[in-house]
Amino acid sequence: MGVAIATFGLLADWVTAAQNFVAIFVYVYVLVIFAYIITSFVRLPYSLNWLQKFLYDVCEPYLRLFRRVIPPLGPLDLSPIAAVFALYLLGMLVNALIGRVL
């Protein structure tokens, strides 16, 4: 009986750790998207060009998926809003699926 309780405890700990990882990943990626949006409005000095390139390389492939579907409304680009919303929904779905393991 002790082995079953220990195994259940390890499984519950693994599930919690996986759910925390997904939640933190979503949170950090949303912050990176916001940083990308802000740096696209501001002209950065040449010494910070690497930061803007890094943010472009990390965010643009994901945002491009939504730019294909959502056309820009003049100068207004709504694809980051849809991308963040979809990322939150995907994070909640993955956490619910991981929670079903237990």
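# Briefing: a predicted three-helix chain

E60 is found in helix α2. The model is predicted, and its protein chain contains three helices and zero strands. Along the sequence the elements follow the pattern α-α-α. The points below start from E60 and its salt-bridge partners, then turn to the core, helix α3, the surface and the chain as a whole.

**E60 and its surroundings**

- E60 counts as buried because its relative accessible area is 8%, which is under the 20% cut-off.
- Apart from neighbours within four places in sequence, E60 is in contact with Y36, L55 and R67.
- The contact with R67 includes a salt bridge between E60 and R67, in which the closest N and O atoms are 2.4 Å apart.
- R67 is partly exposed, at 29% relative accessibility, whereas its partner E60 is buried.

**Salt bridges**

- The structure holds three salt bridges.
- R67 also forms a salt bridge with D77, where the closest N and O atoms are 2.9 Å apart.
- R67 lies in helix α2 and D77 in the loop between α2 and α3, so this pair ties together parts that are 10 residues apart in sequence.
- Through shared partners, the salt bridges join E60, R67 and D77 into one network.
- D77 is partly exposed, with a relative accessible area of 29%.
- K53 forms a salt bridge with D57, with 3.3 Å between the closest N and O atoms.
- Both K53 and D57 lie in helix α2, which covers residues 49-67, and they are four residues apart, about one turn of the helix.
- K53 counts as exposed because its relative accessible area is 52%, and the cut-off for exposed is over 50%.
- D57 has a relative accessible area of 42% and is therefore partly exposed, since that class lies between the 20% and 50% limits.

**Nonpolar core**

- The largest nonpolar core has 14 residues, of which I33, C59, Y62 and L87 touch the most other members.
- Helices α1, α2 and α3 each supply at least two residues of this core.
- The largest share of the core comes from α1, with six residues.
- C59 touches Y29, V32, I33 and Y36, leaving out residues up to four places away in sequence.
- Y36 is thus a shared contact: C59 touches Y36, and E60 is in contact with Y36.
- In soluble globular proteins, nonpolar side chains tend to be buried together.

**Helix α3 and its approach to α1**

- Helix α3 runs over residues 79-101, a total of 23 residues.
- From its first C-alpha to its last, α3 reaches 33 Å, close to the 33 Å expected at 1.5 Å a residue.
- The buried residues in α3 are S79, P80, A83, V84, L87, G91, N95 and I98.
- L87 appears in two of these lists: L87 is buried in α3, and L87 is one of the core residues that touch the most other members.
- N95, also buried in α3, has its C-alpha atom 7.8 Å from that of A23, although the two are 72 residues apart along the chain.
- A23 has its place in helix α1 and is partly exposed, with a relative accessible area of 38%.

**Nonpolar surface patch**

- I24, Y27, V28, L31, F34 and Y88 make a nonpolar surface patch of about 600 Å².
- Helix α1, which covers residues 2-41, gives the most to the patch, with five residues.
- F34, a patch member, lies in helix α1.
- F34 is partly exposed because its relative accessible area is 42%, a value between the 20% and 50% limits.

**Whole chain**

- The protein chain has 102 residues, and 24% of them count as buried.
- The protein chain exposes about 7600 Å², with carbon and sulfur atoms supplying 76% of that area.
- Among contacts between residues at least 6 apart in sequence, 62% join residues at least 24 apart.

Notes
Residues numbered from 1 in each chain as written. Predicted model: local features only at pLDDT ≥ 70, side-chain atom pairs only at ≥ 80, totals over all residues. Heavy atoms only, no water. Expected span 1.5 Å × (residues − 1). Buried < 20%, exposed > 50% of the residue type's maximum accessible area, 1.4 Å probe, protein only. Patch = residues over 30% accessible without salt bridge, like charges linked within 9 Å, V, L, I, M, F, W, Y side chains within 5 Å. Areas by Shrake-Rupley, 256 points an atom, 1.4 Å probe, with all protein chains shown as cover. Salt bridge = Lys/Arg side-chain N within 4 Å of Asp/Glu carboxyl O. Contact = heavy atoms within 4.5 Å. Core = buried A, V, L, I, M, F, W, Y, C linked by side-chain atoms within 4.5 Å.
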